[in-house]
Amino acid sequence: MSLEVILGSISNYKKYGNSYRFPCPVHDGKGLNMVLSERDGVVAAHCFVCHANGMDLVNKLGLPSSVLFADDND
C-alpha cells in the first residue's frame, strides 16, 4: 500500500481517524502540521504551514511519485 511506504519514511507520526499527522519534512516543521490520508487509492498530503502537497512530500523523502497512486494490481 502506498500510504505505508510513505509512513515508513516518517519517524514521528500520529493517527487521527483515517489520516496521519506529522511534522512537515518539507520545511522541517516541529508540530504535527502535515496531514496524510488515502482515499480511493490516491494518497493526499497537505501542510497547513508551508502548503506543501503530496508531490512536495515524496520529493523531499526521495520517494517516487508513483507511491501517491494505487497500483493497478491493488
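Let's start at Leu57, which touches Ile6, Phe22, Pro25, Val26, Met34, Leu36 and Ala45, leaving aside residues up to four places away in sequence. Please keep in mind that this is a predicted model.

So where does Leu57 sit in the bigger picture? The largest nonpolar core has 18 residues, and Leu57 is among the ones that touch the most other members, together with Ile6, Met34 and Leu36. Two or more residues of this core come from each of these elements: helix H1, strand E2 (19–22), strand E3 (34–39), strand E4 (42–47) and helix H2 (54–61).

Let me step back to the whole chain for a moment. How many helices and strands does the protein have? There are two helices and four strands, and along the sequence they follow the pattern α-β-β-β-β-α. The radius of gyration is 11 Å, close to the 11 Å that the globule rule gives for 74 residues, so the protein is as compact as a globular protein of that length. If you like to think in boxes, the C-alpha trace spans about 35 × 25 × 20 Å along its principal axes. Of the 74 residues, 36% are buried. And for those of you who enjoy contact maps: take the contacts between residues at least 6 apart in sequence, and 37% of them join residues at least 24 apart.

Now, on to the sheet. In which order do the four strands come? They form an open sheet, E1-E2-E3-E4, with antiparallel pairing. At the edges we have strand E1 (14–16) and E4, each of which pairs on one side only. On average, neighbouring strands in this sheet are turned by 25 degrees against each other, if we ignore direction.

We can walk across it pair by pair. E1 and E2 are antiparallel, with three bridges, and they make a hairpin with two residues between the strands. Have a look at Gly17 in that turn: its phi is positive, at about 65 degrees. One of the residues to pick out here is Lys15, in strand E1, whose bridge partner in E2 is Tyr20. Moving along, E2 and E3 are joined by four bridges, again antiparallel; here Arg21 has Val35 as its bridge partner in E3. Last come E3 and E4, antiparallel too, with six bridges between them. In this pair Met34, which we met in the core a minute ago, has Cys47 as its bridge partner in E4.

Is Lys15 buried or exposed? With a relative accessibility of 53%, Lys15 counts as exposed, because the cut-off for that is over 50%. Between Lys15 and Met34 there are 12 Å in space, C-alpha to C-alpha, and the two are 19 residues apart in sequence.

Let me finish close to the start of the chain, with Ser2. This residue belongs to helix H1 (residues 2–7). Its relative accessible area is 10%, so Ser2 is buried, the limit being under 20%. What does the side chain of Ser2 reach? It goes to the backbone oxygen of Val67, at 2.9 Å. Not counting residues up to four places away in sequence, Ser2 touches Glu38, Val43, Ser66, Val67 and Phe69.

That's my tour, and I'm happy to go back to any part of it.

Methods:
Residues numbered from 1 in each chain as written. Predicted model: local features only at pLDDT ≥ 70, side-chain atom pairs only at ≥ 80, totals over all residues. Heavy atoms only, no water. Buried < 20%, exposed > 50% of the residue type's maximum accessible area, 1.4 Å probe, protein only. Polar contact = N/O pair within 3.5 Å; in protein donor to acceptor, adjacent residues only side chain to side chain. Contact = heavy atoms within 4.5 Å. Core = buried A, V, L, I, M, F, W, Y, C linked by side-chain atoms within 4.5 Å. Pairing = 2+ DSSP bridges. Axes fitted to C-alpha atoms, helices over the stretch in contact; angles between N-to-C directions. Rg over C-alpha atoms; globule rule 2.2 N^0.38 Å.
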